[in-house]
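Okay, thanks everyone. Let me put the structure up and then talk you through it.

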Amino acid sequence: MSFRAKSRNPDEVVFKLAAGSLDFARDDEQYMSLLVVGSIALDTVKTPVEEHADLLGGSASYAALGASFFTPVNLVGVVGDDFPESEFEFWKSHRIDTTGVQRVNGKTFRWSGEYAWDLNTRETRSVALNVFETFSPELPANYRATPFVLLANIAPKLQSHVLDQMERPRFIVADTMDLWIETTRADLDALLRRVDLLILNDSEAREMTKETSLIRAGRKIRECGPRYVAIKKGEHGALLFGEDEFFSAGAYPLEDIHDPTGAGDTFAGGFAGYLAAHVRENVTFDVMRKAVIYGSVLASFCVEAFSLERLRKLTQDEIADRYQMFKMMSQFEVLA
Ligand code: AMP
């Protein structure tokens with residue numbers, strides 16, 4: 001199946017002007033930048049048909065690149081002395097500031113995972129924390145006033161430590177995983193009281209709340225602190241919960257999935273990057289609905305190739321075309 005939008009509406013023109021090309025710069029750039037903290041990893045990924053080792057991975061790598069299509073990023077993380085210098089050059093070419101990435105003696109964090117035939121069920125084969133074991137994120141002075149924050153998946157204590165160093169951010173998005181729900185619940189609960197929006201997947205939402213219904217789970221998580229909750233349902237889309245607002249989005253139908261790793265992180269990056277670039281006064285639910293779709297669009301590209309390979313080659317035109325197609329596929333009333 002191959003989709004292509006036949007026409008673009010004025011909305012897309014606005015999007016393209018706002019996001020611009022990757023070397024695009026605006027006078028008010030400092031007002032819309034996004035701080036991203038998370039893991040930077042070298043991954044080994046096995047699917048039933050392919051296996052690749054030493055791939056760039058980690059929650060922050062996916063999230064930062066996803067966000068960079070919309071907004072400049074201040075990246076925070078740690079790598080070892082085995083980490084390729086060329087990635088720093090690549091980040092810089094994508095408006096990703098790497099002043100906050102520490103390079104220390106030792107090996108970079110390594111993760112290895114294996115997927116079943118459904119490309120949904122995943123087993124972690126190995127984790128080597130390496131330089132991550134002693135990592136304590138320290139923000140450079142010029143990062144502290146970044147208005148938007150994405151706490152990509154790392155230990156909640158480290159996510160909180162980043163917030164401790166920030167000067168009144170306007171909007172904080174946090175991602176998490178089953179490991180932290182199971183092993184550091186008190187730290188996670190403390191973090192939840194400080195964030196505006198929590199992103200997690202369906203099984204994590206159920207595990208966290210002991211609810212089978214995702215609607216009940218979303219509501220219950222909001223009671224723990226975040227004003228908004230986004231629940232990802234993999235190939236079935238995403239749900240967004242606000243106080244009296246609710247949005248359900250499908251997923252972009254893909255025929256060719258090669259590697260689902262990082263889809264959730266890329267969704268979070270696209271979501272938070274879009275918000276940072278488009279919120280001027282208040283964060284509205286309307287902007288968030290679109291952010292969900294842009295996050296899904298970015299994630300759909302991510303899974304088309306191993307590691308970040310598809311995202312590295314992605315263009316603004318491809319994003320705009322797929323967004324448009326998404327919109328046409330979700331339309332159920334006859335257009336006048
Ligand atoms: P996702 O597919 O969205 O769950 O994210 C996959 C990425 O998460 C991989 O690139 C891993 O390097 C990274 N990762 C795996 N385990 C952890 C962990 N415990 N903390 C932080 N990042 C992790």
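I'll go from confidence to the sheet, then to one strand in the middle of my story, and finish on a helix.

So, this is a predicted model. The chain averages a pLDDT of 90, and 90% of the residues score at least 70. The part to watch is residues 1-30, where the pLDDT is below 50. That stretch does have 26 contacts in the model beyond near neighbours in sequence. Still, where pLDDT is low, the predicted coordinates should not be read in detail.

Now the sheet. It's an open one, nine strands with mixed pairing, and the order is 5-4-1-8-9-10-11-12-13. At the edges you've got strand 5, residues 96-103, and strand 13, residues 246-249, each pairing on one side only. From one strand to the next, the twist averages 15 degrees. Out at the strand 13 end, strand 12 and strand 13 pair antiparallel over four bridges, and Leu239 has Ser248 in strand 13 as its bridge partner. Helix 7 packs on the sheet too, touching strand 10 and strand 11, and its direction makes about 110 degrees with that of strand 10.

Let's zoom in on strand 9, residues 171-175. How many of its five residues are buried? Five of the five, so this strand is largely enclosed by the rest of the structure. Phe171, Val173 and Asp175 point one way, Ile172 and Ala174 point the other way, and all are buried. Yes, that list includes the aspartate, Asp175.

Who are the neighbours? Strand 8, residues 148-151, runs parallel to strand 9 and is joined to it by four bridges, with Phe148 standing opposite Phe171. Put helix 4, residues 156-164, between those two strands and you have a right-handed β-α-β unit. Strand 10 is also parallel to strand 9, joined by three bridges, and there Ala174 sits opposite Leu198.

Last stop, helix 8, residues 214-223. Which residues are buried here? Ala217, Gly218 and Ile221. Looking down the helix axis, the buried residues fall within an arc of 100 degrees, so they line one face. That fits the usual picture: an α-helix has 3.6 residues a turn, so residues three or four places apart point the same way. As for what that face packs against, the buried residues meet strand 10, helix 7, strand 11 and strand 12. After the helix comes Gly225, with a positive phi near 145 degrees.

That's my tour, happy to take questions.

Definitions and conventions
Residues numbered from 1 in each chain as written. Predicted model: local features only at pLDDT ≥ 70, side-chain atom pairs only at ≥ 80, totals over all residues. Buried ≥ 20, exposed ≤ 12 C-beta atoms within 10 Å, placed from the backbone. Arc of directions from axis to C-beta. Contact = placed C-beta atoms within 7 Å. pLDDT = per-residue confidence, 0-100. Pairing = 2+ DSSP bridges. Right-handed = clockwise from strand over helix to strand, strands pointing away. Axes fitted to C-alpha atoms, helices over the stretch in contact; angles between N-to-C directions.
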